[in-house]
Amino acid sequence: MNENDVMATSLLMKRLFERRSKALLDACQLRMIELDILLFLSRSQVALTATDIIKAKHISKTHVSKSIERLHRQGFLTLYEDADDRRILRIQLLPRADAVIEQADQILSQCRDDMLSGITEEELACLSAVLRKIARNIDDALKAE
C-alpha cells in the first residue's frame with residue numbers, strides 16, 4: 001500500500017459527503033466545518049467545550065471559535081458556564097440542530113453504503129482494525145511533535 005492510496009481515499013470520501021451535503025448546507029446557511037461540528041457534538045454523551053472539539057477534530061482554534069459563534073447566532077447551539085469552573089463554556093445543541101443532524105446522518109449513511117458496496121464483513125472488519133491502528137499512530141506522531 002502506498003500513502004497516496006490512504007490520502008486519496010480520504011479526500012474522495014470527504015468530497016463525496018461535501019457534494020451530497022451541498023443542498024443541506026445551502027438551505028441552512030451552514031459551512032461544512034459547522035456541519036462537521038454539529039455532527040461531532042451530536043455524538044457526544046457529555047457537553048463539550050471548544051477545546052474538546054479542537055483536540056478531537058484537529059481543527060484550528062480560530063475556525064472552531066468562529067464556527068461556534070455562527071452556530072450560536074443561528075440558533076443551532078447554546079453556550080453555558082461549567083458548573084465547577086465558570087471560565088469554561090460548555091456547548092449544548094438546541095432543537096433547531098436536530099433536523100440538520102438527521103439529514104446529515106442520512107447523507108452519511110448513503111455515502112457509507114456507496115463506499116462499502118461490494119466489501120465483505122470480513123474485509124470491513126480488517127479495514128476498520130487497520131484504520132484504527134493508523135489513526136493511533138498518527139495521533140501519537142502528532143503528540144510527539
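How many helices and strands does the secondary structure of the chain come to? With the whole chain on screen, you will find 6 helices and 2 strands. Keep in mind as you look around that this is a predicted model.

**The whole chain**

Colour by secondary structure and follow the sequence along: the pattern reads α-α-α-α-β-β-α-α. Turn the view to its principal axes, and the C-alpha trace spans about 50 × 40 × 25 Å. Of the 145 residues in the chain, 22% are buried. If you draw the contacts with a separation of 6 or more, 55% of them join residues 24 or more positions apart.

**Helix α4**

Next, select residues 61–73, which form α4. At 1.5 Å a residue, its 13 residues should span 18 Å, and the C-alpha atoms at its ends are indeed 18 Å apart. Now show the side chains of Val 64, Ser 67, Ile 68 and Leu 71, the buried residues of this helix. Look down the axis of α4: these buried residues fall within an arc of 100 degrees, so they line one face of the helix. What do they pack against? Add α2 (32–42), α3 (50–57), β1 and β2 (89–93) to the selection, and you have their partners. Then rotate to the other side of α4, where Lys 66 and Arg 73 are exposed.

**Just past the helix**

Step along to Gln 74, in the loop that links α4 to β1 (77–81). Is Gln 74 buried or exposed? Its relative accessible area is 19%, and because the cut-off for buried is under 20%, Gln 74 counts as buried. Leaving aside residues up to four places away in sequence, Gln 74 touches Cys 28, Gln 29, Leu 30, Glu 34 and Arg 96. Gly 75, which follows α4, is worth a click too: its phi is positive, near 80 degrees.

**Where α2 meets α5**

For the last stop, show α2 together with α5, residues 96–115. Two packed helices are described by the angle and the distance between their axes. Here the axes come within 10 Å and cross at roughly 95 degrees, so α2 and α5 are roughly perpendicular to each other. To see the contact itself, select Leu 35, Leu 38, Leu 39 and Ser 42 on the α2 side. They meet Ala 97, Val 100, Ile 101, Ala 104, Asp 105 and Leu 108 of α5. Colour this contact by residue class, and you get 8 nonpolar, 1 polar and 1 charged residues.

Notes:
Residues numbered from 1 in each chain as written. Predicted model: local features only at pLDDT ≥ 70, side-chain atom pairs only at ≥ 80, totals over all residues. Heavy atoms only, no water. Helix = DSSP H or I, 4+ residues; strand = E, 2+ residues; numbered from the N terminus. Buried < 20%, exposed > 50% of the residue type's maximum accessible area, 1.4 Å probe, protein only. Contact = heavy atoms within 4.5 Å. Expected span 1.5 Å × (residues − 1). Arc of directions from axis to C-beta. Axes fitted to C-alpha atoms, helices over the stretch in contact; angles between N-to-C directions. Parallel < 35°, antiparallel > 145°, perpendicular 65-115°, else oblique. Nonpolar A, V, L, I, M, F, W, Y, C, P; charged D, E, K, R; others polar.
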